[in-house]
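Here's a quick walk through one protein model, written for someone who'd rather be at the bench. Have the structure open while you read.

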Amino acid sequence: MQIVTTLAELATAREALAAPVGLVPTMGYLHKGHLSLVRRARDECATVAASIFVNPTQFGPSEDLSSYPRNLDGDLGAFEAAGVDLVWTPTPEVMYPPGFQTWVTVEEVTKRLEGERRPGHFRGVATVVAKLFNGVRPQRAYFGQKDAQQVVVIRQMARDLSYPIEIVVCPTVREADGLAMSSRNAYLSPQEREAATVLYRGLAAARAAFDAGECDAEKLRQIVADRVAGEPLARLDYVSCAHPDTLEELGRGSPTRFSGALLSLAAWVGNTRLIDNVVLEEERVRDPRP
Ligand code: AMP
C-alpha cells in the first residue's frame, strides 16, 4: 500500500494505477462502515484509493474540529488489511494553500436538513470532494447512505461539474443494537451510548408504521419525534420525511405521490450530535396537504 501526502506524490502515484480506480474518501478514525465502502470498491475496481483528511472547512466555528477523533496509524493498518492500494493523507496546507479562495457551492439541495443547521458545511464538503476527485481522478467514488444529504449533494455536484465518475452509495452499517456506526460515537459515555439507540428505534418505529400502511409523512415524522422525546438523554434537532432527490419535505406543497422517501433525523445525545436515516421505498407516501 502506497501512502502519499503532497499533490506531486499523488500525481506520480496516479500514473501507475490500473483502471478502474475506486475512491473512498474518509475523515479517518475508521470503523466497519468505512471498511464496507472499501470492500465494495475492492469488489468492483482494479485499484482502490482512499483518503484520510479531517476537512476543516466543513466544520462550523462551534463544532468539533479540534476534538474530532484521529488514529492515523490504526487507520493505515485497517486500510492495508482491507486491500487498499493507495492512501492520500493531505495536510490542511496541501488542500488549502495560502490565499485559497475558490469554493464549490451546490445550491438548492444544501438549503435544508443538515445544510440548514450547519451553514457552510456542504460548501466545505463539495469543495474538498471536488479536490479529491481532481487529484485522484477515480472512475468510481464510494459514499455511505449514513450521510444521505451528502450523497445527494455529491451526486448533484458530479453531474453539474461533469465529473465522469460513478457515485456508488453503500448501505448504513449498524451496531448490533441498531446504532449507525460513526466516528462520533466515540464521544458517548456508556449511558449516552445506550440512549443513542433511540435514533434508530425512532426510525424503525416509523418504518414499521409505514410498512403497516401509514402514508402520511407528518404522522411518520411524529412517530420519530415521540420516540426521541421519550429518551431523557436525547434532544431532537430535526426529523424529516422528504423526497429522496430534492429533499423537499413531503406535505409542503410537493407532488402528491413519491417513488420513495428519505426519513432522516439529527439529535443531540449529551454534547454529541448524531444523524441517521432510513429510506422508505414504496409508492405509498402521500402528501397529506396537496
Ligand atoms: P466520514 O469519515 O465520517 O467522513 O465518512 C466517510 C465515508 O464513510 C462517508 O461516505 C460516510 O457516509 C461513510 N460512512 C460513515 N459511517 C458509515 C456507516 N455507518 N455505514 C456506511 N457508511 C458510512
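What follows covers the cores, the ligand site and a few backbone oddities.

## The main core

First, a caveat: this is a predicted model. Its largest nonpolar core has 43 residues. The ones with the most contacts inside this core are Trp88, Val129, Phe133, Phe143, Met157 and Ile167. Eight names come up when you look for elements that put in two or more residues: the helices α1 (7-15), α4 (92-95), α6 (121-136) and α7 (148-160), plus the strands β2 (21-26), β4 (86-88), β5 (140-144) and β8 (261-269). Which element gives the most to this core? That's α6, with nine residues.

And where does this core sit relative to the domains? Domain 1 (2-170) and domain 2 (183-280) both chip in residues, so the core lies between them. If you want a good residue to click on, try Phe133: setting aside residues up to four places away in sequence, Phe133 touches Leu23, Pro138, Ala141, Phe143, Ile154, Met157, Tyr163, Ile165 and Ile167. There's also another core, apart from the big one, with 28 residues, including Tyr200, Val224, Val228 and Leu280.

## Around the ligand

Now for the ligand, which has 17 residues surrounding it. The closest of these are Met27, His34, Asp147, Val173 and Met181. At least two residues of the shell come from each of β2, α2 (32-44) and β5, and α2 gives the most, with three.

Three polar pairings are worth bringing up on screen, each to an oxygen atom of the ligand. For Asp147, a polar side-chain atom sits 2.6 Å from a ligand oxygen. His34 also uses its side chain, with an N or O atom 2.8 Å from an oxygen of the ligand. Met27, on the other hand, uses its backbone, where an N or O atom lies 2.9 Å from a ligand oxygen. On its own the ligand has 480 Å² of accessible area, and the protein covers 93% of that.

## Backbone oddities

Most residues other than glycine have a negative phi, and most peptide bonds are trans. A few spots here go the other way. Ala19 and Pro20 are joined by a cis peptide bond, with omega at about -5 degrees. Pro20 belongs to the loop between α1 and β2.

Then there are two positive phi values in residues that aren't glycine. Tyr29 has a phi near 50 degrees and lies in the loop between β2 and α2. Leu113 also has a phi near 50 degrees, but Leu113 is found in helix α5 (residues 113-117). Are these two buried or exposed? Tyr29 is partly exposed, with a relative accessible area of 31%. Leu113 comes out at 5% relative accessibility; the cut-off for buried is under 20%, so Leu113 counts as buried.

## A buried leucine in a loop

One last stop is Leu179, in the loop between β6 (166-170) and α8 (190-195). Buried or exposed? Leu179 is buried, with a relative accessible area of 4%.

What does Leu179 touch? Leaving out neighbours within four places in sequence, Leu179 is in contact with Arg174, Asn185, Arg193, Ala196 and Leu274. Leu179 and Tyr200 are 21 residues apart in sequence, and 6.1 Å separates them in space, C-alpha to C-alpha. Tyr200, remember, is among the residues of the 28-residue core.

How values were computed: Residues are numbered from 1 along each chain as its sequence is written. This is a predicted model: local features need pLDDT of at least 70, side-chain atom pairs count only at pLDDT 80 or more; totals for chains, interfaces and linings use all residues. Side-chain values use heavy atoms; hydrogens and water are left out. A nonpolar core is a set of buried Ala, Val, Leu, Ile, Met, Phe, Trp, Tyr and Cys residues joined through side-chain atoms within 4.5 Å. Buried means under 20% relative accessible area, exposed over 50%, partly exposed in between (1.4 Å probe, protein chains only). Helices (H or I, at least four residues) and strands (E, at least two) are DSSP runs, numbered from the N terminus. Domain bounds come from an automatic or database domain assignment. Contact means heavy atoms within 4.5 Å. A residue is near a molecule or strand if one of its heavy atoms lies within 4 Å of it. A polar contact is a pair of N or O atoms within 3.5 Å; within protein, one must be able to donate a hydrogen and the other to accept it, and residues adjacent in sequence count only if both atoms are side-chain atoms. Accessible areas come from the Shrake-Rupley method with a 1.4 Å probe; for residues, only the protein chains shown count as cover.
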